[in-house]
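This report is meant for someone meeting the structure for the first time, and it moves from strands and sheets to charged pairs, open space and a few single residues.

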Amino acid sequence: MKRRILRIVSILLTVIFLLSCNLVAFGAYQVTDIQKTQLGTSSTYYSFDAQTKTLTISGTGATPDFSNSSASQPWYMWRSDGSISNVVVDEGITYLGNHFLYYVSAQSITLPSTLTGIGSYALSGTNGLRTISLPSSLTKIGDGAFYLSTNLEEVVIPGNVTSIGTSAFDGCYALNSVVFENMNSNVSIGSKAFFRCRSLKNVSVPKRAKLYSYSFGYSNANVGSIYSDFVMNVYRDSPAYTYAVNKIVNPDNYNIINEMNIYDGDIIDCEYFDDSYKDKMYFYFTPRVSDYYCFSSAGDVDVDCSLYDENDNLIAQSSDISLDNLNFSVDCYLEAGEVYKYEVGCVSNMSLGKFTVKVSVSHLCESIVTPPSLTEDGYTTYTCNYCGIVFRADFVKRTGIKITGRVLCMEAPDGSHPNNYPVINAVILIDGNEAEAVDENGCFSFYTPKESQVMTITSPYSVDRNIEITENDSMEMSLGDLPLMCFDYYKDGYFNAKDFAVFRNFYGNYSPDDLDMKVLDYNRDGKIDYSDFSFANKFIAFGKITQSVYE
């Protein structure tokens, strides 16, 4: 009896111990606040409020890229243990780097109106997320951006998005609604972009969208492996129609649509075929201001048009504007905020092919061109003489490349810099001309004309480091940390005992204003002695040095 009681007690104690271990194991790992901390050498920062479980990303420009194979995220160890409930990305952030929030298990992620791009796998595995609001400023959704975000249920693709990368929403099993804000957007939808989205039963694809293999509807990468209840809605005169016919094959899995919203200034490509010339096309327009608007066609197809108000009352019909009696023009005063419907039809099967339609204000605007500068984009300011509206359009990218980075002292021949000693007397040359001096942290940020060829980093005791300047779409070069060889005190192109002899002459105190001396005080204790030179012993027998040490 006693043995049985002891056994029961032992089992109970074991259970209690295991439960307590589980409670600890499932407890939040990050329980203290984190103050604003810089992310690498970028102009972005992160902070954490433990009470609200909120991770905040602030600053300006692009965040750094991270890796999915190492603890490169500052929050790597507590990203998915329940510590983070909310992520807030502040205004000013323009790009989320690769793997930035990879497998962060937040329930809400708030993105700023300044965001233009989401990097590869930046939001992959965010399994606490059910919905997310993408800003209208967004233009790029990178490869695997939301890969395996298995609980994401709905997403609206902003009208300015031109690229959805390979496997961007692959494995979003709960995704049941994908809405494109602009059904005339020229968007590239990558291979497997919505692959294995088993809850996505119906999707309407923009007219100019370009689709790659397995973009929509596939459960696996085999021909014919379409979800049986999946339906894709496509325009007859669109690449998506070709995708539906060649990839989905089964007519039950696609529908033809013939309507879309049109906006002031839009020009929409259209086409009539032998099997579609009897179909009407419908364009819905909502004026931003009350004004006279013109809806017109251009091309070699004989089409007509009728205009209806939101109560389906006919208020205007087409009038021919060309001698061949093919094109139409409908001019009418429209009220702001009202929804109007333009109905376009083909006259006969004797007039098939391509044409365009557009809507615009009937009166002209004055324009003032602001050309691009080294640091600012150019644009045109339009002022309407009739209604007084002023807006900017026709943006042109700036003429300068923004270059950023940080110059650090190389502490070993392998290029490592564990103590991150800044080289505060470094100077940046562009094609041999001085362009920028680094700050007290070794950081630099400046603009240079896109025609520039070579950037050189130099300091009194260093081996010059040359970097080729390359132009890209963002017109930015973020160089990160750049270690510099800084121990050629004898200035003869060798690292040997002569350098130690010269350095020995520097021993003692120095004036804080003397940057050339201050840079030798590696531990910043106010004096130069052997402790500052000790780690440089690794270079004494290095021998002759060339710029190849940076490769």
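Two strands are said to pair if DSSP finds at least two bridges between them. With that in mind, and bearing in mind that the model discussed here is a predicted one, the bridge between Val427 and its partner Thr458 in β35 is a good place to begin.

**Strands and sheets**

Strand β32, which covers residues 427-430, and strand β35, which covers residues 454-458, run antiparallel and are joined by four bridges. Both belong to an open sheet of four strands, whose order is β33-β32-β35-β36 and whose pairing is antiparallel. The edges of this sheet are held by β33 (433-437) and β36 (465-468), and because each of these has a single partner strand, one side of each is left without a neighbour in the sheet. From one strand to the next, the twist averages 30 degrees.

Elsewhere in the chain, β19 pairs with strand β27 (residues 353-361) in the antiparallel sense, and six bridges make up this pairing. One of the partnerships is that of Ile267 with Lys358, the latter lying in β27. In a regular strand the side chains alternate between the two faces of the sheet. In β19, the covered face carries Ile268, Cys270 and Tyr272, whereas Ile267, Asp269 and Glu271 are on the uncovered one.

**Charged pairs**

Side chains of opposite charge can pair when their charged atoms come close. How many salt bridges does a search of the whole structure find? The search finds nine, and the table shows three of them.

| Salt bridge | Closest N to O distance |
|---|---|
| Arg288 and Asp264 | 3.8 Å |
| Asp312 and Lys341 | 3.1 Å |
| Arg406 and Asp481 | 2.9 Å |

In the salt bridge between Arg288 and Asp264, Arg288 lies in the loop between β20 (281-285) and β21 (291-299), while Asp264 lies in the loop between β18 (259-261) and β19 (267-272), so the pair ties together parts that are 24 residues apart in sequence. Arg288 is exposed, with a relative accessible area of 66%, whereas Asp264, at 30% relative accessibility, counts as partly exposed.

The side chains of Asp312 and Lys341 also meet in a salt bridge, and this pair links distant parts of the chain, since Asp312 is in the loop between β22 (303-308) and β23 (314-317) and Lys341 is in strand β26 (residues 340-346), 29 residues apart. Here Asp312 counts as partly exposed at 48% relative accessibility, while Lys341 is buried, with a relative accessible area of 16%.

For the salt bridge between Arg406 and Asp481, the partners are in strand β31 (residues 400-409) and strand β37 (residues 476-484) respectively, 75 residues apart. Asp481 counts as partly exposed, at 30% relative accessibility.

**Pockets and cavities**

Rolling a probe the size of a water molecule over the atoms shows where empty space is left. The largest pocket holds about 1,500 Å³ of space and is lined by 45 residues, of which Ala62, Thr94, Tyr95, Ser474 and Glu476 lie nearest its centre. At least two residues of this lining are supplied by each of β4 (61-62), β6 (93-96), β31, β34 (443-449) and β37. Which strand gives the largest share of the lining? That strand is β37, from which six residues come.

Two cavities of 30 Å³ or more are found in the whole structure. About 60 Å³ of space lies in the largest cavity, and its lining is made up of Cys409, Val423, Asn425, Ser459, Tyr461, Cys486, Val519, Leu520 and Tyr522.

**Single residues in loops**

Is Ser238, placed in the loop between β16 (231-235) and α2 (239-248), buried or exposed? Ser238 has a relative accessible area of 6%, which means that this residue is buried. A polar atom of the Ser238 side chain lies 2.6 Å from the backbone oxygen of Tyr235.

Two further loop residues stand out by their backbone angles. Tyr214, in the loop between β15 (210-211) and β16, has a positive phi of about 60 degrees although it is not a glycine. Asn420, in the loop between β31 and β32, likewise has a positive phi, near 50 degrees, in a residue other than glycine. With a relative accessible area of 31%, Asn420 is partly exposed.

Terms used: Residues numbered from 1 in each chain as written. Predicted model: local features only at pLDDT ≥ 70, side-chain atom pairs only at ≥ 80, totals over all residues. Heavy atoms only, no water. Axes fitted to C-alpha atoms, helices over the stretch in contact; angles between N-to-C directions. Buried < 20%, exposed > 50% of the residue type's maximum accessible area, 1.4 Å probe, protein only. Polar contact = N/O pair within 3.5 Å; in protein donor to acceptor, adjacent residues only side chain to side chain. Salt bridge = Lys/Arg side-chain N within 4 Å of Asp/Glu carboxyl O. 1 Å grid on protein atoms, 1.4 Å probe; cavity = no way out; pocket = protein on both sides within 12 Å on 5 of 7 lines; lining within 4 Å. Points joined across faces, edges and corners; volume = space filled by probe spheres on them.
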